[in-house]
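Me: I'm new to reading protein models. Could you walk me through this one, feature by feature?

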Amino acid sequence: MPSRPRLFLLPALALCLLAVIGSARAPAEPSPTVSRPPASTAVGGVVRETAPSPDVVGTAAGVAHRSGLLGFRWNPCRPVTYRVNARGGYRGSTADIRSAFRRIGRITGIRFVYEGQTRRIAFRTRLDPRTDITVSWATPRQVPLLRGAIAALANNAVVRNRGIREAVKGQIALDRTTPIGPGYTLAGPPTWGQAFLHEIGHVVGLAHVGDRTQVMYPTINRDNHVLGLGDRLNLVAVGIAAGCIPHSWR
Ligand SMILES: [Zn+2]
């Protein structure tokens, strides 16, 4: 048994917010200005507050990374488990979330294992210790970071493992009040499927990019329903192609 690497937990690493634009049914009132999500300043504060380490690579909403990568990855040679709290989600939403994990898994080569339900709420309660990634629905009242036009957010806990930043936990919060349609489609107004893919993208180490046709663009829109070439290349880069992480912490 190798000695455990020194542990640096950065609970707010890579906090990313996802805004929705081009929503078919815009909120009745007050109409949010979406190009600059209002929570971005609060997010910066949270990142500084909970992750004072210079390892922080947090992305404020709307900021694109040139590399497209956040600088950490999971050990692709171990299964990555997740649980979903379906409370507040639309009918069939858990199946759609599982579909998103399968799509990301096919490209990265990471084996995502659905372990069932959880009662935990990401960004509100302690994470479920039984699983690697917690996905849950919430209202902005429950998770204030979801206020405004924010549809979803994600972050990770990352350890520095002999020069590699290894993700060991992830969480995704989905704003159940976001007025977008369910599931996946190829064109038209944004739907939840895009948000699932985008947030799982963050959890596996993808940053925002500047191309609005990619799922990792900071907003889900009419033009990024499908994982694009850039998305796919970055997913490959954080997956099995990068090799196993020796002495994995998980
Ligand atoms: Zn994002």
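Me: Let's start with F123. Is F123 buried or exposed?

Reply: Before anything else, keep in mind that this is a predicted model. To judge burial, you count C-beta atoms around a residue, and 20 or more other ones within 10 Å make it buried. F123 has 22 C-beta neighbours inside 10 Å, so F123 counts as buried. You'll find F123 in the loop between β3 and β4.

Me: What about the backbone there? What is the phi of F123?

Reply: The general idea goes like this: most residues other than glycine have a negative phi. F123 has a positive phi of about 70°, although F123 is not a glycine. H247 also has a positive phi, of about 55°, and is not a glycine either. H247 sits in the segment after α4.

Me: How does H247 score on burial, then? How many C-beta neighbours does H247 have?

Reply: H247 has 15 C-beta neighbours inside 10 Å, so H247 counts as partly exposed.

Me: Okay, let me zoom out. How many helices and strands does the chain have?

Reply: The chain has four helices and seven strands. To see their order, read from the N terminus on: β-α-β-α-β-β-β-β-α-β-α. As for burial overall, 47% of the 250 residues count as buried.

Me: Now the strands. Which strands does β2 pair with?

Reply: For strand pairing, look for bridges and for the direction the two strands run. β2 (residues 80–85) is joined to β3 (residues 112–117) by four bridges, and the two run parallel. β2 also pairs with β4, again in the parallel sense, over four bridges. V84 is a handy residue to follow: V84 stands opposite Q117 in β3, and the bridge partner of V84 in β4 is V135.

Me: And where does the pairing go from β4?

Reply: β4 pairs with β6 (residues 164–175) in the parallel sense over six bridges. One spot to look at is W137, which stands opposite L174 in β6.

Me: Why can I call β2 and β4 largely enclosed?

Reply: Just check the burial of each residue along the strand. Five of the six residues of β2 are buried, so β2 is largely enclosed by the rest of the structure. In β4 (residues 133–138), six of the six are buried, so β4 is largely enclosed too. You can also sort the residues of β4 by the way they point: I133, V135 and W137 go one way, T134, S136 and A138 go the other way, and all are buried.

Me: Let me try a single residue in β2. Which residues is N85 in contact with, leaving aside its neighbours within four places in sequence?

Reply: Those contacts are Q117, T118, R119, R120, I121, S136 and W137. Take R119: N85 and R119 are 34 residues apart in sequence, yet 5.6 Å apart in space, C-alpha to C-alpha. N85 has 22 other C-beta atoms within 10 Å, so N85 is buried.

Me: Can I see that kind of thing across the chain? What share of the contacts with a separation of 6 or more comes from residues 24 or more positions apart?

Reply: That share is 72%. I240, in the segment after α4, gives you another example. I240 and T108 are 132 residues apart in sequence and 6.1 Å apart in space, C-alpha to C-alpha. Not counting residues up to four places away in sequence, I240 touches P76, T108, G109 and I110. With 14 other C-beta atoms within 10 Å, I240 is partly exposed.

Me: Last topic: helices. How do I describe the way two of them pack?

Reply: Two packed helices are described by the angle between their axes and the distance between the axes. Here, the axes of α2 (residues 93–108) and α4 (residues 229–237) come within 8 Å and cross at roughly 70°. An angle of 65 to 115 degrees counts as roughly perpendicular, and α2 and α4 are therefore roughly perpendicular to each other. Their crossing is right-handed.

Me: Which residues make that contact?

Reply: I104, I107 and T108 of α2 meet R232, L235 and V236 of α4. By kind, these residues divide into four nonpolar, one polar and one charged.

Methods:
Residues numbered from 1 in each chain as written. Predicted model: local features only at pLDDT ≥ 70, side-chain atom pairs only at ≥ 80, totals over all residues. Buried ≥ 20, exposed ≤ 12 C-beta atoms within 10 Å, placed from the backbone. Contact = placed C-beta atoms within 7 Å. Axes fitted to C-alpha atoms, helices over the stretch in contact; angles between N-to-C directions. Parallel < 35°, antiparallel > 145°, perpendicular 65-115°, else oblique. Left-handed = near helix turned anticlockwise from the far one by under 90°. Nonpolar A, V, L, I, M, F, W, Y, C, P; charged D, E, K, R; others polar. Pairing = 2+ DSSP bridges.
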